[in-house]
Amino acid sequence: MAEAQNSPTLRSARAGGSLPVGSTTAGSIAVAAESTVATRMSAPPSFDVADFPVPHGREEEWRFTPLERLKGLHDGTAKADGSIKAEVNAPDGVTVESVGRDDARIGKAGTPVDRVAAQAFSSFEKATVVSIPKETVLTEPVRVALHGEGGTTFGHTVFEIGAFAEVVIVIDHTGDAVRSANVDFLIGDGAKVTFVSVQDWDDTAVHCSQHNALIGRDATFRSVVVTFGGDVVRLHPRISYAGPGGEAELFGLYFTDAGQHQEHRLLVTHNAPHCKSNVVYKGALQGDSAHAVWIGDVLIQAEAEGTDTYEMNRNLVLTDGARVDSVPNLEIETGEIVGAGHASTTGRFDDEQLFYLMARGIPEAEARRLVVRGFFAELVQQIGLPDVEERLIAKIEAELEASV
Amino acid sequence: MATLEIRDLHVSVEAENGPREILKGVDLTVKQGETHAIMGPNGSGKSTLAYSLAGHPKYTITGGTVTLDGEDVLEMSVDERARAGVFLAMQYPVEVPGVSVSNFLRTSATAIRGEAPKLRTWVKEVKETMERLQMDPAFAERNVNEGFSGGEKKRHEILQLELLKPKIAILDETDSGLDVDALRTVSEGVNRVRETGEVGTLLITHYTRILRYIKPDFVHVFANGRIAESGGAELADKLEAEGYEAYTKGGVSA
């Protein structure tokens, strides 16, 4: 397909992979400024909302976000006046507790990085801690269903996964809500965790969340972020390592419709040696003012020798009027790494593909479906959870149906 | 008997300084069971004819008619033309990432035949056709044209030709870029379809080489956007000996 590639920021030599250059012809791609991950934030991370100035929209971390649609989550005017129905379905052996903010496990996986995340942290009343004991191998997923019933809510959830435990966690977001809630993962040594977060909100919802995963020695964390709904969805999946040998796989899939703003801001901090990270986010956009933002930051610190990292973002723009901002950013403080690379492409729906399929008798609508399904197929197949895969395919079909 | 009739066809493309006429009045009748070779120098408009017949949006029809058994082909959308029985084997087949060959073939056959082929007979049909084209069975699980070699792309086009059984097959430089073995295999595939007597073939080529394997009933020399001369197979021998020079002098620019 006709792809446009942007110029990523690369701060040091020895990056593996091919580094695409060029300019965009479809949608829009912003190129990262020459600044470090830490210094381009307007304030250092903090648990206290008061430590962050109210954003005005020109800050690096806010420049893509429509602040006026955040329902006051960013300026302190949002009050916890809503309700959200939460159902936790946990297999035997899993404990679910409601704890106060003095619980030592809260905030251990990461610190809020912007005012909205800090507001969530400062505003929740009780946090939920879900614990999977060490060496517990669960065959059934832990399922959390959150259904918004209107109004604003704050929350905080901690998943504490013991050493060598294996678990699949699915959080499903539906309904109408203004929701700001952070999710922490404390992952024990050698544990294997798959986390699926589905944003299938009504088109009126606003959702902001910081996902912090602290990956133990030789542990594996795989996250699958799926965003279909919402008026504004702004997520921060963030990874750091508690020891060597950890692996993170971050997959994302979004389908941004007319008027929707869907923003995924990732940071992988390689702060331990011999860890791996692999990021693949793919999105399709259709309709007027559909706006997808993908920020992919990877920081390889001096002590992270033997790091192997790759991140990729691909966007398929199906109609005129949609906009993509895709900003990969790689910062390398040690040359002793296995590999580091990234790619970002944004392409228009390819009329030549359409012609080829139609020249074989396939009607236009079906040909479009084949191409879009094909675009997502490689990613969907990697998820490895048949029920999630089926739901995703059904959802993609429904989105495409709605568009024709 | 299916008949494709092209009458005084004029076709333009958008160029930097306005529309540019490529086809300047093409007349041609192709009947089921016949094979017409269209030969000509680069830039003479051969491929434009092929893509215009298939309905590529890049080409604008500015005059003339094309009918298939009296039905107006130019009024049909690209997929309608294919379902009416017009097949274009492309010179540069397009990659479709994430769509497997087997899914593509079945979706296409379903569209063309009007119903999904019965799974068991379909699998056998595809397998046997692939064997005859010397294609590895693993090929069916690859994504359409993704990472295919030039020869694999052309075999894949002929595989579709054999499975879709069109009334009119347009082969656009199917021979280009093939080594002798691949050329023979691909030609055998085309000949199997021709031997059914059910297809009219429009074989577009720059070289006479493929005509050793696929014997045309008629040869047309294409120059400057129209057919400059028509004859039997002997015309190809003349072209082999003399080249296209006689047709390009004072005609097309480069």
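Me: Which residue is the bridge partner of B:L4 in strand 4 of chain B?
Reply: That's B:L68. Keep in mind that this model is predicted.

Me: How do you know that strand 1 of chain B pairs with strand 4 of chain B?
Reply: Count the bridges. Pairing asks for at least two of them, and eight bridges join strand 1 (residues 3-15) to strand 4 (residues 59-68) of chain B, so the two strands qualify as a pair. They run antiparallel. As for what holds such neighbours together, strands of a sheet pair through backbone hydrogen bonds.

Me: What makes strand 2 of chain B an edge strand?
Reply: Look at how the sheet is ordered. Its four strands come as 2-1-4-5 in chain B, with antiparallel pairing, and the sheet is open. Strand 2 (18-31) pairs on one side only, and that's what makes it an edge. Strand 5 (71-72) of chain B does likewise.

Me: What is the strand order in the six-stranded sheet of chain B?
Reply: It goes 6-9-10-3-11-12, and this sheet is open too. The edge strands here are strand 6 (86-89) and strand 12 (226-231) of chain B, each pairing on one side only. On average, neighbouring strands in it are turned by 20° against each other, if you ignore direction. The pairing is mixed.

Me: How do you know that strand 11 and strand 12 of chain B are paired?
Reply: Same kind of test. The cut-off is at least two bridges, and five bridges link strand 11 (residues 218-223) to strand 12 of chain B, so the pair passes. These strands run antiparallel. You can follow it residue by residue: B:F222 stands opposite B:I227, while B:V219 has B:G231 as its bridge partner.

Me: What lies between strand 11 and strand 12 of chain B in their hairpin?
Reply: Two residues lie between them. In that turn, B:N224 has a positive phi of about 55°.

Me: Which helix packs on the six-stranded sheet and touches strand 11 of chain B?
Reply: That's helix 7 (residues 234-242) of chain B, and its direction makes about 45° with that of strand 11. Helix 7 also touches strand 3 (35-39) and strand 12 of chain B.

Me: How do you know that helix 3 and helix 5 of chain B meet, and which residues do it?
Reply: Contact means C-beta atoms within 7 Å. On the side of helix 3 of chain B, the residues that meet helix 5 are B:V101, B:L105, B:S108, B:A109 and B:I112. Facing them in helix 5 of chain B are B:H156, B:Q160, B:L163 and B:L164. This contact divides into six nonpolar, three polar and no charged residues. The two helices pack at an angle of about 35°, with axes 10 Å apart, and their crossing is right-handed.

Me: Why is chain B called as compact as a globular protein of its length?
Reply: Compare two numbers. The radius of gyration of chain B is 18 Å, and the globule rule for 254 residues gives 18 Å, so the chain is as compact as a globular protein of that length. Its C-alpha trace spans about 55 × 40 × 40 Å along the principal axes. All this is built from eight helices and twelve strands.

Me: Which element of chain A gives the most to the side that touches chain B?
Reply: Helix 3 of chain A, with eight residues. The contact takes 20 residues from chain A and 19 from chain B. Chain A's side splits into eleven nonpolar, three polar and six charged residues.

Me: Where does UniProt place the "SUF system FeS cluster assembly SufBD core" domain?
Reply: Its unreviewed entry puts that domain at residues 148-375 of chain A. The span is 9% helix and 62% strand, and its end C-alpha atoms lie 31 Å apart.

Notes
Residues numbered from 1 in each chain as written. Chains lettered and ligands numbered in written order. Predicted model: local features only at pLDDT ≥ 70, side-chain atom pairs only at ≥ 80, totals over all residues. Axes fitted to C-alpha atoms, helices over the stretch in contact; angles between N-to-C directions. Contact = placed C-beta atoms within 7 Å. UniProt positions renumbered as here; feature names shortened; annotations may be inferred. Left-handed = near helix turned anticlockwise from the far one by under 90°. Nonpolar A, V, L, I, M, F, W, Y, C, P; charged D, E, K, R; others polar. Rg over C-alpha atoms; globule rule 2.2 N^0.38 Å.
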